[in-house]
Structure formats: structure tokens, C-alpha cells
Amino acid sequence: MKMPERIRLANLPTKIEKLERLSQNLGKNIWIKRDDQTGMEVSGNKVRKLEFAVREALDQDCNHLITCGGIQSNHARATAAVAAKLGMGCTLVLRGEDGEDREGNLFLETLMGAEVVFITPEEFEESLDGIMEGIRDDLARDGKKGYILPVGSSNGIGSFGYLNAYQEIEDQERDLGFSFDAIVATVGSGGTFAGLYAGNLLSGDKRDVLGINISSTAEYFRERVCDLLHEMKEYTEIPFVIKEEDIQIIDGYPGLGYAMSRDEELEFIKWLARLEGLVLDPVYTGKAMYGLVQEIRMGNLDKYDNILFIHTGGIFGWTREGRGRV
Ligand SMILES: *Cc1c(COP(=O)(O)O)cnc(C)c1O
């Protein structure tokens with residue numbers, strides 16, 4: 001099969017470990033893939049997508065990366081790190097206002113030299129593409145060539161990062177001597193899930209890939225993931241048939257909405273941190289793992305013996321606001 005090329009940025013393969021004490025607590029084997037450890041500055045899931053997307057940017061002779069996200073976007077921070085490492089320029093269009101002192105991802109982006117443009121939620125909703133294209137046009141007037149990455153690098157090319165991760169999991173299963181019955185990932189902009197889903201389809205639909213959405217609705221993401229899978233098909237002759245109704249996304253855990261935490265979610269993160277010495281993030285993995293544990297306790301996942309959860313990172317999202325409530 002023809003696959004797009006990638007550059008090497010992440011520390012791969014990331015390890016898979018069993019959460020012994022959580023497994024005991026739930027009476028079910030819970031394993032975790034440490035994609036929070038793909039690096040430090042470039043940690044988390046976004047670097048896997050950037051390996052493919054930035055390769056495409058370089059192939060098009062681009063020398064400046066333009067992307068966007070929430071004010072504490074992990075993707076924006078990973079992009080800033082990659083741009084600096086490769087000697088490229090970087091402009092980040094973020095939804096929100098500059099604070100008195102920049103912290104978390106925003107602090108790191110500034111440290112690594114990215115230029116940050118702040119826009120309102122309304123502008124983000126209505127004119128994001130135009131704003132990013134405007135930045136690219138301005139760069140062109142200065143003789144630079146910009147490459148635009150969408151939110152979370154979730155497009156066809158970026159999603160190959162998790163097709164690749166799926167194949168990495170299969171290699172690790174050969175060493176472990178067994179296969180996971182289900183792979184569970186957080187759904188934020190959909191690329192991680194789409195890549196895993198494509199990997200599973202390609203390998204013959206061996207198991208269930210489950211997504212847990214942390215914003216919006218399952219219905220929205222089923223459609224979104226379908227679009228991403230079709231975009232992936234344009235890069236390769238992937239021989240699979242995509243059926244929207246087969247895409248399994250567990251709804252019910254966005255809570256108060258994107259980047260807003262409920263007490264029970266923060267309490268859960270604290271409980272798990274003390275049980276396993278494992279720190280999830282409040283925006284993505286904390287909500288998704290909370291959802292997974294609820295589903296297991298309700299008996300909805302009884303048919304699985306071994307479940308693999310992907311820790312997609314997000315440690316720098318622990319800003320003062322999030323911390324204040326733990
Ligand atoms: C972006 C992100 C996700 C969601 O991944 P998508 O591919 O956007 O769905 C999950 N966890 C963390 C920590 C993230 O930064």
C-alpha cells in the first residue's frame with residue numbers, strides 16, 4: 001500500500017504498560033500506551049500527526065508553519081517546538097485573550113519563538129480560515145512560504161500519524177503475546193481516532209476501536225471521522241469501505257464543554273494520580289478516562305478482557321485555573 005512519507009520527530013515506539021492497581025480496582029485489565037511520552041517539548045499525540053503534515057510542508061518548500069487552536073492548545077505548542085527545531089517560522093492563531101502572564105502551553109510557545117495572534121471565539125468560529133490565509137499572504141509578500149495546519153492537525157495527512165501508531169501497537173502485541181480487545185482514545189478534533197480506525201480496518205477489523213468525545217456530540221464526530229477517512233483515502237489507495245454507522249463513539253462525557261471541568265472529573269484525576277502515579281490532563285484524557293471507568297463500572301464493556309487506553313498527553317494544560325479546583 002502506498003503511504004505518505006514522514007519525518008522522524010517523536011520518541012517511538014511509546015511504551016505500553018498495565019495499570020495494575022486500576023485493573024484490580026475494576027476487575028478488568030486496563031493497559032495504557034504512553035503517547036504522553038513521545039517527547040517533552042513535542043510530547044503528546046500531535047507530534048505523530050506533525051511527522052506526516054510537516055513532511056508535506058517541507059516537500060512543498062514551505063518555511064513557516066501556521067496553525068490554530070484554543071488558548072492552551074497542545075497542538076499549537078507541539079507545532080511551535082517542531083518549527084523551532086527545523087528552523088522554520090511559526091504563527092499560532094489562538095482563541096482567547098492574552099493574560100497577564102503566559103503559562104502552560106502559551107508560555108512554552110512564546111519561549112520557543114512562535115508568534116501568537118489572539119482572536120475572539122466569534123472570529124474563530126466565523127473567519128478562522130480567512131485569518132490564517134491572510135497570514136500566509138502577508139508572509140508571501142515577505143518572500144516566505146507558509147503552510148497551514150488545521151485545528152489539532154486533524155486532516156487527512158495528519159491522521160496518518162495514528163494509522164502508523166496502530167501498526168506500532170500491532171508490533172507490540174506480537175511481543176506481548178496477546179491482542180487488546182478494544183483500543184480507546186479521546187476524541188477532540190477526530191484525527192487520532194480516524195487514524196486508529198483506519199489502521200484497524202486495514203488490518204482486517206480485528207477489534208473495537210472506541211472513541212470518547214470530550215466536546216460536541218458523537219453524531220458530529222461520526223460524520224467528521226468519516227470525512228477524515230475519505231481524505232486519507234485520497235493519499236493512498238486504501239482498500240476499505242467506510243460505514244458511518246460502524247464508527248463507535250461513546251457520548252456522555254463532555255461535561256461542561258471544551259476545557260471546562262466538573263468537580264467529579266477533577267476528583268477522578270486526583271484519585272487516579274494517587275492510585276497509579278499517572279497524571280492525566282483536565283481537557284482531554286482526564287475526561288475520557290473518567291468516561292471509560294464509568295462505562296466499565298456500569299457493565300457496558302463487559303465483553304472486553306484487555307482494554308488499551310491511549311494517553312494522548314496534555315500535561316502542560318494544567319494551568320492555574322485547572323489547578324485551582326483540584
Ligand atoms: C488534541 C488532543 C487530543 C485529541 O486528539 P484529536 O486527534 O484532536 O481528536 C487528546 N488528548 C490530548 C492531550 C490532546 O492534546
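The chain folds into 11 helices and 10 strands. Its radius of gyration is 19 Å, close to the 20 Å that the globule rule gives for 326 residues, so the chain is as compact as a globular protein of that length. Keep in mind that this is a predicted model. Here's a quick tour, from the whole chain down to single residues.

**The chain as a whole**

- If you lay the C-alpha trace along its principal axes, it spans about 60 × 50 × 35 Å.
- Burial comes next: 56% of the 326 residues count as buried.
- Now look at contacts between residues with a separation of 6 or more: 77% of them involve residues 24 or more positions apart in the chain.

**Surface and charge**

- About 14100 Å² of the chain is exposed, and carbon and sulfur atoms supply 45% of that area.
- The chain carries 37 positive and 54 negative charges.
- Take the mean position of each set of charges, and the two points turn out to be 5 Å apart.

**A pair of strands to look for**

- Strand E3 runs through residues 64-70, and it's mostly covered, with 7 of its 7 residues buried.
- Its partner is strand E4 (residues 89-95): the two pair in the parallel sense over 7 bridges.
- To find one of these bridges yourself, start at histidine 64, whose bridge partner in E4 is glycine 89.
- A handy bit of background: side chains in a regular strand alternate between the two faces of the sheet.

**A cis peptide bond**

- Leucine 12 and proline 13 are joined by a cis peptide bond, with omega at about -5°.
- You'll find proline 13 in the segment before strand E1 (16-18).

**Two residues with a positive phi**

- Aspartate 61 isn't a glycine, yet it has a positive phi of about 60°.
- Aspartate 61 sits in the loop between helix H2 (46-59) and E3.
- With a relative accessible area of 62%, aspartate 61 is exposed, because that value is over the 50% cut-off.
- Alanine 259 isn't a glycine either, and its phi is also positive, at about 65°.
- Look for alanine 259 in the loop between strand E9 (248-250) and helix H9 (263-276).
- The relative accessible area of alanine 259 is 39%, so this residue counts as partly exposed: the value falls between the 20% and 50% cut-offs.

Notes. Residues are numbered from 1 along each chain as its sequence is written. This is a predicted model: local features need pLDDT of at least 70, side-chain atom pairs count only at pLDDT 80 or more; totals for chains, interfaces and linings use all residues. Side-chain values use heavy atoms; hydrogens and water are left out. Helices (H or I, at least four residues) and strands (E, at least two) are DSSP runs, numbered from the N terminus. The radius of gyration is taken over C-alpha atoms; the globule rule is 2.2 Å times the number of residues to the power 0.38. Buried means under 20% relative accessible area, exposed over 50%, partly exposed in between (1.4 Å probe, protein chains only). Contact means heavy atoms within 4.5 Å. Accessible areas come from the Shrake-Rupley method with a 1.4 Å probe; for residues, only the protein chains shown count as cover. Lys and Arg count as positive and Asp and Glu as negative; His and the chain ends are not counted. The place of a charge is taken as NZ of Lys, CZ of Arg, CG of Asp or CD of Glu. Two strands pair if DSSP finds at least two bridges between them.
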